[in-house]
Amino acid sequence: MNFVMKAALGGGPPDVGKMLGGEEKEEDPDAAKKEEERQEALRQQEEERKAKYAKMEAEREQMRQGIRDKYGLKKKEEAEAEAAAAAEEPAAGSLTRPKKAVPAGCGDEEEEESIMDTVMKYLPGPLQDMLKK
């Protein structure tokens with residue numbers, strides 16, 4: 001009995017109504033037209049949203065440009081392009097690539113050995129013996 005009540009109230013499986021002798025749902029002849037109108041409304045809302053955010057972004061960019069002008073800053077893209085151009089200028093006329101600067105202490109092995117000798121002089125005797133082993 002509960003099953004029949006649920007089916008009558010629409011809580012049962014969709015085909016229960018048919019089993020109990022109910023009528024099949026007729027398709028709305030205007031359903032396609034309504035769906036098309038709904039899709040068009042969604043498209044229009046999306047276009048309005050995009051236009052709104054484009055306008056907001058344009059206002060933000062105008063404000064950013066005002067700040068850049070006020071403080072003498074450059075756009076990130078412009079600064080990167082200038083840095084890349086500056087890096088390429090010295091190498092433009094050269095047939096070999098520029099030498100990389102070697103930091104102090106990262107030189108030859110002879111330098112490293114002389115540093116170790118200098119450090120060893122100032123260590124106490126027992127530590128010198130431990131490090132030599």
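**Close-up views of helix α3 and its neighbours**

**View A. R68, a buried partner in a salt bridge.** Let's start with R68, which is buried, with a relative accessible area of 13%. This is a predicted model, and in it R68 forms a salt bridge with E61, their closest N and O atoms lying 3.2 Å apart. How exposed is E61? With a relative accessible area of 26%, E61 is partly exposed. Salt bridges with shared partners link E57, R60, E61, R64, R68 and K75 into one network.

**View B. E57 and R60, two members of that network.** Here E57 and R60 form a salt bridge, with 3.5 Å between the closest N and O atoms. Both residues lie in helix α3, 3 residues apart, which is about one turn of the helix. E57 is partly exposed at 35% relative accessible area, and R60 is partly exposed too, at 42%.

**View C. E35 and R38, a salt bridge within helix α3.** How far apart are the closest N and O atoms of E35 and R38? They are 2.8 Å apart. The two residues are separated by about one helical turn because they are 3 residues apart in helix α3. E35 is partly exposed, with 36% relative accessibility, and R38 is partly exposed as well, with 44%. In the whole structure, a search finds 9 salt bridges.

**View D. A nonpolar patch on the surface.** Which residues make this patch? M63, I67, Y71 and L73 make it, and its area is about 460 Å². I67 lies in helix α3, which spans residues 31–71, and I67 is partly exposed, with a relative accessible area of 42%.

Definitions and conventions: Residues numbered from 1 in each chain as written. Predicted model: local features only at pLDDT ≥ 70, side-chain atom pairs only at ≥ 80, totals over all residues. Heavy atoms only, no water. Patch = residues over 30% accessible without salt bridge, like charges linked within 9 Å, V, L, I, M, F, W, Y side chains within 5 Å. Areas by Shrake-Rupley, 256 points an atom, 1.4 Å probe, with all protein chains shown as cover. Salt bridge = Lys/Arg side-chain N within 4 Å of Asp/Glu carboxyl O. Helix = DSSP H or I, 4+ residues; strand = E, 2+ residues; numbered from the N terminus. Buried < 20%, exposed > 50% of the residue type's maximum accessible area, 1.4 Å probe, protein only.
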